Amino acid sequence: MGVERTYEVRTYGCQMNVHDSERLSGLLEDAGYVRAPEGADGDADVVVFNTCAVRENADNKLYGNLGRLAPMKTRRPGMQIAVGGCLAQKDRDTIVKKAPWVDVVFGTHNIGKLPVLLERARVQEEAQVEIAESLEAFPSTLPTRRESAYAAWVSISVGCNNTCTFCIVPALRGKEKDRRPGDVLAEVEALVAEGVSEITLLGQNVNAYGSDIGDREAFSKLLRACGKIEGLERVRFTSPHPRDFTDDVIAAMAETPNVMPQLHMPLQSGSDTVLKAMRRSYRQERFLGIIDKVRAAIPHAAISTDIIVGFPGETEEDFQQTLHTVREARFANAFTFQYSKRPGTPAADMDGQIPKEVVQERYLRLVALQEEISWDENKTQVGRTLDVMVAEGEGRKDGATHRLSGRAPDNRLVHFTAPSEEVRPGDVVTVDITYAAPHHLLAEGPTTRIRRTRAGDAWERRNAAPPEPAGVLLGLPSIGVPPPLPAPTGGCSAP
């Protein structure tokens with residue numbers, strides 16, 4: 001028997017990339033690799049970078065990390081480095097020219113080829129660059145190593161038909177391709193059978209689902225169908241587009257009990273002038289109208305957003321319109337970005353590029369306003385009794401504070417006093433909120449109820465210690481369950 005080869009996957013970018021990394025891990029394990037210990041930091045036989053191309057510093061971050069691995073590869077014969085994702089799709093041969101020690105470059109459309117490309121690079125002893133121009137197979141058909149036993153991503157579409165002038169993703173992910181509803185529901189049902197109790201439906205423009213299969217109400221129907229799956233407790237989705245957010249979706253959210261009272265609705269700008277330049281097909285009034293409808297139908301909904309500051313041509317008046325929209329919408333939280341020029345996008349060549357110091361000053365004003373609103377909105381939760389799904393790795397200070405952490409139905413982060421009874425990730429606790437901070441809630445009193453769940457059972461099975469060897473019987477050794485694999489870190493939100 002040969003020595004097992006280890007792998008490490010590093011993920012940058014949006015939820016789509018995080019889920020793609022689960023597939024990359026599944027592919028490698030299917031090919032016989034085992035995951036490197038947590039904190040390996042490049043000390044693995046195969047290191048895979050799953051890249052993002054949305055932010056301006058994506059290139060620098062990648063090449064900096066590749067540079068740090070070069071001497072390690074020299075010291076470790078047989079080590080391989082692969083680069084995939086959006087930046088690989090965009091830069092192609094440039095990566096190997098800048099970092100000739102890279103073994104494999106693959107794109108967003110052919111992640112399933114990674115094991116083959118690694119083997120080909122090993123045999124031929126030269127870099128393999130393979131970038132497919134269109135989707136070869138829907139990624140959900142690939143093996144997947146889920147990072148959570150109790151919550152899972154489920155892709156319902158890939159690609160995007162929008163032409164936002166700041167975004168390079170459609171050029172790298174391609175036109176929207178929808179999965180058949182039956183395939184999506186079959187995957188959800190299979191996950192629930194394994195113990196998963198929360199799923200997040202994923203799409204670059206998730207509520208445009210149906211445009212590829214000719215059904216404008218396909219997304220709301222899918223939400224309602226998820227509501228009929230026994231054992232599925234929480235359904236979320238990300239990220240929608242205001243253009244495609246219709247009343248039937250709001251009704252499905254309000255009328256389907258397991259669809260959570262949470263909505264992430266990207267604003268990008270509150271200025272009609274800037275929205276037009278961004279080629280966003282809605283205006284401030286339309287956006288705020290959607291928010292009003294959602295709140296009327298789902299009073300306790302927590303609404304979050306994405307906002308870009310400093311888009312080319314943005315005036316102080318335009319920025320004031322963004323601040324006005326933020327005050328009116330009262331988002332629970334916002335992912336705020338300073339405009340980042342990306343070569344290959346129309347916005348990169350627009351007149352009126354804003355000086356960095358102006359962008360920074362506006363950005364700080366926006367963040368200060370949103371922090372104030374987030375805190376005020378969280379204060380409205382004090383005194384409420386909430387059912388919190390216990391999470392793994394959400395509370396960085398839990399060990400020191402003797403607390404546990406989890407997510408409320410509206411996705412707010414809740415830290416609560418650890419009860420004397422064992423509580424597992426995936427279980428649900430009922431707590432009373434006693435304090436609010438801008439980015440989390442605190443329940444300092446005793447837990448009023450603990451509900452052990454099938455999701456908690458699934459987490460326990462995954463993390464169970466391997467059984468003790470039973471010795472040798474008739475010359476055949478027994479085979480134990482392999483040790484649990486650590487969860488990865490990384491990933492960020494992208495507009």
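Is Arg179 buried or exposed? At 10% relative accessibility, Arg179 counts as buried. Here buried means under 20% relative accessible area, exposed means over 50%, and partly exposed lies in between (1.4 Å probe, protein chains only).

## Basis of the model

This is a predicted model, in which local features need pLDDT of at least 70, side-chain atom pairs count only at pLDDT 80 or more, and totals for chains, interfaces and linings use all residues. Residues are numbered from 1 along each chain as its sequence is written, and side-chain values use heavy atoms, with hydrogens and water left out.

## Strand 1 and its partners

Helices (H or I, at least four residues) and strands (E, at least two) are DSSP runs, numbered from the N terminus. Strand 1 covers residues 6-11. In this strand 6 of the 6 residues are buried, so the rest of the structure largely encloses it. Both faces are covered. Thr6, Glu8 and Arg10 are buried on one side, and Tyr7, Val9 and Thr11 are buried on the other.

Two strands pair if DSSP finds at least two bridges between them. Strand 1 runs parallel to strand 2 (residues 34-35), with 2 bridges joining them. Opposite Thr6 stands Val34 of strand 2. Strand 3 (residues 46-51) also runs parallel to strand 1, through 5 bridges. Here Thr11 faces Asn50 of strand 3.

Helix 1 (residues 15-30) joins strand 1 and strand 2 in a right-handed β-α-β unit. A crossover is right-handed if, with the strands pointing away from the viewer, the path from the first strand over the helix to the second runs clockwise.

## The 7-10-11 sheet

An open sheet holds 3 strands in the order 7-10-11, with parallel pairing. Strand 7 (151-155) and strand 11 (234-238) stand at the edges. Each has a single partner strand, so one side of each is left without a neighbour in the sheet. The twist averages 25° from one strand to the next. Axes are lines fitted to C-alpha atoms, for helices over the stretch in contact, and angles run from 0 to 180 degrees between N-to-C directions.

Strand 7 and strand 10 (residues 198-202) are joined by 5 bridges. Within this pair, Trp153 stands opposite Thr200 of strand 10.

## Helices on the sheet

Helix 1 lies across strand 7, strand 10 and strand 11. Its direction runs at about 100° to strand 7. Helix 7 (residues 181-193) packs on the sheet and touches strand 7 and strand 10. The direction of helix 7 makes about 165° with that of strand 7. Contact means heavy atoms within 4.5 Å.

## Salt bridges

A salt bridge is a side-chain nitrogen of Lys or Arg within 4 Å of a carboxyl oxygen of Asp or Glu. By this rule the count is 36. One of them joins Arg179 and Glu187, at 2.5 Å from N to O. Glu187 is buried, at 13% relative accessible area.

Arg224 pairs with Glu255, their closest N and O atoms being 2.9 Å apart. Arg224 lies in helix 8 (residues 218-226) and Glu255 in helix 9 (residues 247-255), so the pair ties together parts 31 residues apart in sequence. Arg224 is partly exposed at 32%, whereas Glu255 is exposed at 51%.

## A charged network

Salt bridges link Glu422, Arg424, Asp427, Arg452, Asp457 and Glu460 in a network. Arg452 and Glu460 meet in a salt bridge at 3.8 Å, N to O. Arg452 is partly exposed at 41%. Glu460 is partly exposed at 35%.
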